[in-house]
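Here are some short exercises to work through with the sequence and the 3D view side by side. Try each task yourself before you read its solution.

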Amino acid sequence: MHRTRIKICGLTRPEDVAAAVAAGADALGFVFYPPSPRHVEPSRAGALMAALPPFVGTVGLFVNAGVDEVCAAVRQAPVALLQFHGDETARLCAETARAANRPFMRVFRVRPDTRARELLEYEHQYRAASPLFSGLLLDTYVDAYGGAGKVFDWSLIPKELAPRVVLSGGLSVQNATEAVVLVRPYAVDISSGVELAKGIKDAQRMTAFVGAVRLADATPEKEHTHERRT
Ligand SMILES: O=C(O)c1ccccc1NCC(=O)[C@H](O)[C@H](O)COP(=O)(O)O
């Protein structure tokens with residue numbers, strides 16, 4: 001049985017970090033994008049991370065940050081993985097990841113007219129650009145950069161790509177089981193769906209979300225009702 005990994009993103013408070021870990025999150029995300037209401041200073045994120053037990057992954061989310069900015073952030077908050085959520089080119093991701101000495105995830109923001117082939121080519125492009133590329137995170141395209149709680153059409157994800165992707169965008173306690181049963185992604189990522197307010201997480205919703213994903217993991221494989229495009 002596949003165990004879908006779970007990342008909870010946009011943590012800003014020690015009590016939320018503790019609750020996310022208690023809920024069973026595999027990884028925690030810290031938003032290093034000052035305009036975001038979920039922004040944390042790297043020094044604060046470093047302090048939040050210092051309280052973590054072993055085997056909990058940490059991710060630093062950046063939007064169009066410069067190489068120096070990313071390197072300075074990871075010195076204060078030694079996240080295990082970078083997440084590039086803006087318009088960073090493959091070359092810039094490769095250069096930044098090398099300078100920061102960290103693997104990275106690239107975000108693709110899916111639009112209604114995104115084609116399956118485009119997703120596969122995008123993944124290929126980033127994989128070819130750097131050995132530090134660790135995978136694609138699929139989020140929903142919105143005019144702002146993210147954490148908007150909007151779902152995209154999961155049937156756009158090619159079947160061969162699904163087991164490698166991190167699925168995000170508008171996931172919630174209500175839709176998590178369906179999303180995981182339909183897509184069978186490597187991992188899921190949630191932020192606004194487990195919030196009381198922006199940057200303030202809800203312990204009960206985090207626990208319920210993890211439970212909804214585990215329910216999907218335990219649900220036997222069946223024919224996908226969504227037709228996958230190629
Ligand atoms: O959270 C933000 O404020 C944010 C700002 C800029 C870029 C990305 C941002 N968040 C992305 C995420 O938290 C997740 O990776 C993911 O997109 C899930 O978001 P949600 O739809 O709210 O669950």
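**Exercise 1: Neighbours in the barrel**

Task: find the residue of β6 that stands opposite R106.

Solution. R106 has L136 of β6 across from it. Residues are numbered from 1 along each chain as its sequence is written. This is a predicted model, where local features need pLDDT of at least 70, side-chain atom pairs count only at pLDDT 80 or more, and totals for chains, interfaces and linings use all residues. Next, look at the two strands: β5 (residues 104-110) and β6 run parallel and are joined by seven bridges. Two strands pair if DSSP finds at least two bridges between them. Strands (E, at least two residues) and helices (H or I, at least four) are DSSP runs, numbered from the N terminus.

Now step back: eight strands close into a barrel, with parallel pairing, in the order β1-β2-β3-β4-β5-β6-β7-β8.

**Exercise 2: An enclosed strand**

Task: how many residues of strand β6 (residues 133-140) are buried?

Solution. Count a residue as buried if 20 or more other C-beta atoms, placed from the backbone, lie within 10 Å of its own. Six of the eight residues of β6 pass, so the strand is largely enclosed by the rest of the structure.

**Exercise 3: Another pair**

Task: which residue of β4 stands opposite L61?

Solution. Start with the pairing: β3 (residues 57-62) and β4 (residues 81-84) are parallel partners over four bridges. Then follow L61 across to β4, and you arrive at Q83.

How values were computed: A residue is buried if 20 or more other C-beta atoms lie within 10 Å of its own, exposed if 12 or fewer, and partly exposed in between; C-beta atoms are placed from the backbone.
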